[in-house]
Each structure stands twice: as structure tokens, then as C-alpha cells.
Amino acid sequence: MEKRCSKCGETKPGEEFGTHPATRDKLGIWCRACRKAYRSARYHSMTPEQYTQTLFENNQRRADPKFRIQAAHAQRERRRNLTPEQHAKELETNRRYKKKLRDEAFTHYGNGILECLWCAEDDIEVLTLDHVDNDGKKHRRDEDNANGRYFYGYLKKHGWPKLPRLQLICTNCNIAKVKNNGVLPPWRKDKYRKSTNEILTFPLSDYAKKEIAHG
Ligand SMILES: [Zn+2]
Ligand SMILES: [Zn+2]
């Protein structure tokens, strides 16, 4: 499919045009070369302050729900036109990226130990980040994207924030915590800790010895 650029007037193949959600053929009306030249000229005509202001305004515009819906629609449209191989490749890339991001988040908030802080479950697929102070609802309400599939990306973007406090626990402990009024239940502590014996062989305090002696 060919298209005529409304800037330079040349007729070029469709690949020579960027996408645009609002046009009928979902392609921009200017060719890539014209857009690039225009952007470059605009950039060089601006002061650094003006440029920062433009970036800010563009971000504001992108945050508009209407724009987001349009962008999501364009993305879906683009995916629909992929070959099955391209589609599979893209899914695989996304999956790998998500996994890497998750592992990165877990490593940060688990302090390098990839297991449940409470029961020592070490199956990474059932681990999750838990709001220590049970302020997850507030966090999700106050911060855009601090939830769901954007959560790990949000954390990374904000440089792995210390607040709200997060801890790496398993989903079982997470559910048990909710049912136990937001407190990790003592009966699950060290449930799967293989090194329990090691912990018990640590030197015992006199107080602990007395406790054990009295059963
Ligand atoms: Zn052009
Ligand atoms: Zn656990």
C-alpha cells in the first residue's frame, strides 16, 4: 500500500509512515523523513526551558484517558496485522521482560533472598510483594499505576521506593495475613524453612534453656 505525504507531496510505501491512532488507515499524514525533519527543526528552535515545558505538556496529554484509549486501540490494530510468527515472538519478548522485571523487584524487596520471608516457601511463581503496613489500598488509590500489571514497572521507575514498606512473602502467607487481621500468623512461621535445625543449633540464651527445660 502506498500513500502520499501531505508535507513533501511524495508517494511512498506504507512503512515509510509512522502510526497514528486517529486517521482512517492508522498511519500519520506526514512521512517519517518529514516528521523527523520537523521535530529536529522544532527542537533546535527551542530553549531548554521551552523543551522541558513541551515534554511536560506531552506527558499531560498522554495521561488523558481519551488518549490512552486511542493508543490502546492503535496497539491492538497493529498486533492484528502481525504474522503468527511475529505475534508469538512479541508475546515471548513481553513475557521475558515481565519476568525479568518481577525477579528484579523480588530481589530488591527480598534483600536478595528469593523465598517467603515468613514460611520460607521458595517457589518463585507463588511469591508476591506484600504491603507490610497493609496500606496497599491507599497506595493504589494515591498513585497512578501502583497496581496490577504496572506495579513492578512503577516500583522500578521510582527507584525501588522504601515507602510504602514492601516485603516478599508467598501468596499463602499473604492470604493467611489478611484472614488474621493483617498480621502474619505465627503458626506459618518457618513452615518450609529447611534450615530450622541450624537455627535451633545457634547458642541458646539462658532464658531459652530454662524455657525448654520446663517444656
Ligand atoms: Zn514527506
Ligand atoms: Zn509464606
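Ser6 sits in the loop between strands β1 and β2 of this predicted model. Ser6 counts as exposed, because 11 C-beta neighbours lie inside 10 Å and the limit for an exposed residue is 12 or fewer. Across a gap of 24 residues in sequence, Ser6 and Trp30 come to 5.7 Å of each other, C-alpha to C-alpha. The chain around this loop holds 9 helices and 6 strands, and buried residues make up 12% of its 215 residues.

**The loop between β1 and β2**

- With neighbours within four places in sequence left aside, Ser6 is in contact with Ile29 and Trp30.
- Gly9 lies in the loop between β1 (2-4) and β2 (11-13).
- Gly9 has 9 C-beta neighbours inside 10 Å, so Gly9 counts as exposed.
- Gly9 and Cys31 are separated by 22 residues in sequence, and their C-alpha atoms are 9.4 Å apart in space.

**Confidence and overall contacts**

- The mean pLDDT of the chain is 86, and 88% of the residues reach 70 or more.
- Confidence is highest in strand β6, at a mean of 95, and lowest in helix α8 (residues 196-200), at a mean of 51.
- Of the contacts between residues at least 6 apart in sequence, 56% join residues at least 24 apart.

**Helices α1, α2 and α3**

- Helix α1 covers residues 32-45, and its 14 residues should span 20 Å at 1.5 Å a residue.
- The end C-alpha atoms of α1 are 20 Å apart, which agrees with that expected span.
- α1 is hardly covered, with 1 buried residue among its 14.
- Helix α2 covers residues 48-63, and its 16 residues should span 22 Å at 1.5 Å a residue.
- The end C-alpha atoms of α2 lie 23 Å apart, in agreement with the expectation.
- α2 is hardly covered, and the count of buried residues among its 16 is 0.
- Helix α3 (residues 65-80) has 16 residues and reaches 23 Å from its first C-alpha to its last.
- That reach of α3 is close to the 22 Å expected at 1.5 Å a residue.
- α3 is also hardly covered, with a count of 0 buried residues among its 16.

**Strands β5 and β6**

- Strand β5 (residues 127-131) pairs with β6 in the antiparallel sense, over 5 bridges.
- Within this pairing, Thr128 stands opposite Ile169 of β6.
- Strand β6 (residues 166-170) is mostly covered, since 4 of its 5 residues are buried.

**The largest nonpolar core**

- The largest nonpolar core has 15 residues.
- The members that touch the most other members are Cys116, Trp118, Leu168, Ile169, Cys170 and Cys173.
- Two or more residues of this core come from each of β5, α6 and β6.
- β6 gives the most to the core, with 4 residues.
- Leu168, one of the core members named above, touches Phe106, Tyr109, Gly110, Cys116, Leu117, Leu127 and Leu129, not counting residues up to four places away in sequence.

**Backbone features in the loops before β5 and β6**

- Ala120 belongs to the loop between α4 (84-109) and β5.
- The phi of Ala120 is near 75 degrees, a positive value in a residue other than glycine.
- Ala120 is partly exposed, because 19 other C-beta atoms lie within 10 Å and a buried residue needs 20 or more.
- Trp160 lies in the loop between α6 and β6.
- Trp160 is not a glycine, but its phi is positive, at about 50 degrees.
- Trp160 counts as partly exposed because it has 13 C-beta neighbours inside 10 Å, while an exposed residue has 12 or fewer.
- Pro164 is placed in the loop between α6 (151-157) and β6.
- The peptide bond from Leu163 to Pro164 is cis, with omega near -5 degrees.

Conventions. Residues are numbered from 1 along each chain as its sequence is written. Chains are lettered from A and ligands numbered from 1 in the order in which they are written. This is a predicted model: local features need pLDDT of at least 70, side-chain atom pairs count only at pLDDT 80 or more; totals for chains, interfaces and linings use all residues. Two residues are in contact if their C-beta atoms, placed from the backbone, lie within 7 Å. The expected span of a helix is 1.5 Å times one less than its number of residues. Two strands pair if DSSP finds at least two bridges between them. A nonpolar core is a set of buried Ala, Val, Leu, Ile, Met, Phe, Trp, Tyr and Cys residues joined through C-beta atoms within 7 Å. pLDDT is the predictor's confidence in each residue, from 0 to 100.
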